[in-house]
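Trainee: I would like to work through a structure step by step, with the reasoning spelled out. Could we look at one together?

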Amino acid sequence: MAQGNAEVRLRWGRVVAPDLSQYVVYRNGTGTSPTELDSVGRVASTDTSYLSGGLGRLPAGTYYYWVGAVDSLGNRGLSSSVSVVVGAHAGASVSSLDFG
């Protein structure tokens with residue numbers, strides 16, 4: 001895989017809530033609680049995974065991912081974070097991201 005195409009797959013357990021609208025995936029390089037500016041993707045409420053590609057194009061360092069479960073009113077429940085190190089040998093797979 002070319003470095004620019006390095007990717008990480010995030011997987012999580014389905015949130016069971018009658019008003020679940022979608023999941024929002026966030027990434028930042030600080031590890032602080034994410035904001036909307038850190039959003040890198042949206043996932044349908046029926047899906048439980050997200051593929052984040054192009055990591056080799058990011059500056060080397062540690063990046064943190066979160067998944068937010070969003071209800072129909074826009075309320076967000078945020079998962080705990082997982083970290084991914086991007087560098088000369090970028091490319092990782094995160095098998096599970098648990099909501100906390």
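Trainee: Is Tyr64 buried, partly exposed or exposed?

Mentor: Keep in mind from the start that this is a predicted model. A residue counts as buried under 20% relative accessible area and as exposed over 50%, with partly exposed in between. The relative accessibility of Tyr64 is 25%, so the class that fits Tyr64 is partly exposed.

Trainee: Which class does Trp66 fall into, buried or exposed?

Mentor: The same kind of reasoning applies here, starting from the cut-off of under 20% for a buried residue. Trp66 has a relative accessible area of 5%, so Trp66 is buried.

Trainee: What kind of aromatic pair do Tyr64 and Trp66 form?

Mentor: The structure holds 2 aromatic pairs, and Tyr64 with Trp66 is one of them. Their rings lie 6.5 Å apart, centre to centre, with 40° between the planes. Planes under 30 degrees apart would count as stacked and those over 60 as edge-to-face, so this pair is tilted.

Trainee: What kind of pair do the rings of Trp12 and Tyr23 make?

Mentor: Trp12 sits in the loop between strand 1 and strand 2, whereas Tyr23 belongs to strand 2, 11 residues apart from it along the chain. Both residues are buried. Their ring centres are 5.3 Å apart and their planes meet at 65°, which is over the cut-off of 60, so the pair is edge-to-face.

Trainee: Which strand gives the most residues to the largest nonpolar core?

Mentor: This core has 17 residues, and those touching the most other members are Leu10, Trp12, Tyr23, Val25, Leu55 and Tyr65. Strand 1, strand 2, strand 5 and strand 7 each supply at least two residues of the core. With 4 residues, the one that gives the most is strand 5.

Trainee: Which residue in strand 7 is the bridge partner of Tyr63?

Mentor: Strand 5, at residues 61-71, runs antiparallel to strand 7, and 5 bridges join the two. Within strand 7, the partner of Tyr63 is Val84.

Trainee: Which side chains of strand 7 point to one face and are buried?

Mentor: In a regular strand the side chains alternate between the two faces of the sheet. Strand 7, at residues 82-86, shows such an alternation, with Ser83 and Val85 pointing to the other face and not buried. The side chains that are buried on the one face are those of Val82, Val84 and Val86.

Conventions. Residues numbered from 1 in each chain as written. Predicted model: local features only at pLDDT ≥ 70, side-chain atom pairs only at ≥ 80, totals over all residues. Heavy atoms only, no water. Buried < 20%, exposed > 50% of the residue type's maximum accessible area, 1.4 Å probe, protein only. Pairing = 2+ DSSP bridges. Core = buried A, V, L, I, M, F, W, Y, C linked by side-chain atoms within 4.5 Å. Phe/Tyr/Trp six-rings, centres within 6.5 Å; stacked < 30°, edge-to-face > 60°.
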